[in-house]
Amino acid sequence: MNIKYLLLITAYIFLFTNSSFAQTETAWVEKSVAFGKLGKYEEAIKAYEKTSELNPKINYALIRKGIALSELGKYEEAIKAYKQAIDINRSDAFAYIYLGELFFKLCDLENASIQANEALKINENLVPALSLKGRIAIEEKNYDAACASFNKAISLNIVNPILIFWNSYAKYLNLEFSS
């Protein structure tokens, strides 16, 4: 475990259990993020739930809860959390991206594509959504579309080696399997 995160969580726990700040929604969000970074997903989920109790309109807490649930393999609950986050704020592209990434992980390419498209409607230059679209296109053996998505993503984030890898892989597959 990273010592930096261990110190961070210790400081958070001390601060948040020994002050009037301890019961605010901001404090619970901070606790939940710290627990999540430490891989303490059950504790993070409890903190996200407390945040939602204090302010049910914080979609960020539901997104983070979805991430923690996904890490625990509780995919149906994670999908529900992401959908609740979207219901609260339909203009938060990252709720769609995380939901799309989970559908992709579950090999549900149709729903993954729908979520990526929703995110791109909000921001057509959102690199994580473009990356997701590219990976979906690879799975669908649509290598030209994959390259187009990755090329656009790379043009927006030129220093990301993962995008360059995926684009190269899509180009290789296109050469290898195109007639």
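The paragraphs below walk through two helix pairs and one alanine in this predicted model. Residues are numbered from 1 along each chain as its sequence is written, and side-chain values use heavy atoms, with hydrogens and water left out. Because the model is predicted, local features need pLDDT of at least 70 and side-chain atom pairs count only at pLDDT 80 or more, while totals for chains, interfaces and linings use all residues.

Helices here are DSSP runs (H or I, at least four residues), numbered from the N terminus. Helix H3 (residues 41-54) and helix H4 (residues 59-71) have axes that come within 9 Å and cross at roughly 155°, axes being lines fitted to C-alpha atoms over the stretch in contact, with angles from 0 to 180 degrees between N-to-C directions. H3 and H4 are therefore roughly antiparallel, a term for angles over 145 degrees, just as those under 35 count as roughly parallel. Among the residues that meet (contact means heavy atoms within 4.5 Å) are Tyr41, Ile45 and Tyr48 in H3 and Ala61, Leu62 and Leu69 in H4.

Further along, helix H6 (residues 93-105) packs against helix H8 (residues 127-139) at an angle of about 25°, with their axes 10 Å apart, which makes H6 roughly parallel to H8. In this contact, residues including Phe94, Ile97 and Phe104 of H6 meet others including Ala129, Leu132 and Ile136 of H8.

Alanine 116 lies in helix H7 (residues 109-122) and counts as buried because its relative accessibility is 0%, the cut-off being under 20% relative accessible area with a 1.4 Å probe and protein chains only. Leaving aside neighbours within four places in sequence, alanine 116 is in contact with Ala129, Leu132 and Lys133.

Methods:
Helices (H or I, at least four residues) and strands (E, at least two) are DSSP runs, numbered from the N terminus. Angles under 35 degrees count as roughly parallel, over 145 as roughly antiparallel, 65 to 115 as roughly perpendicular and the rest as oblique. Buried means under 20% relative accessible area, exposed over 50%, partly exposed in between (1.4 Å probe, protein chains only).
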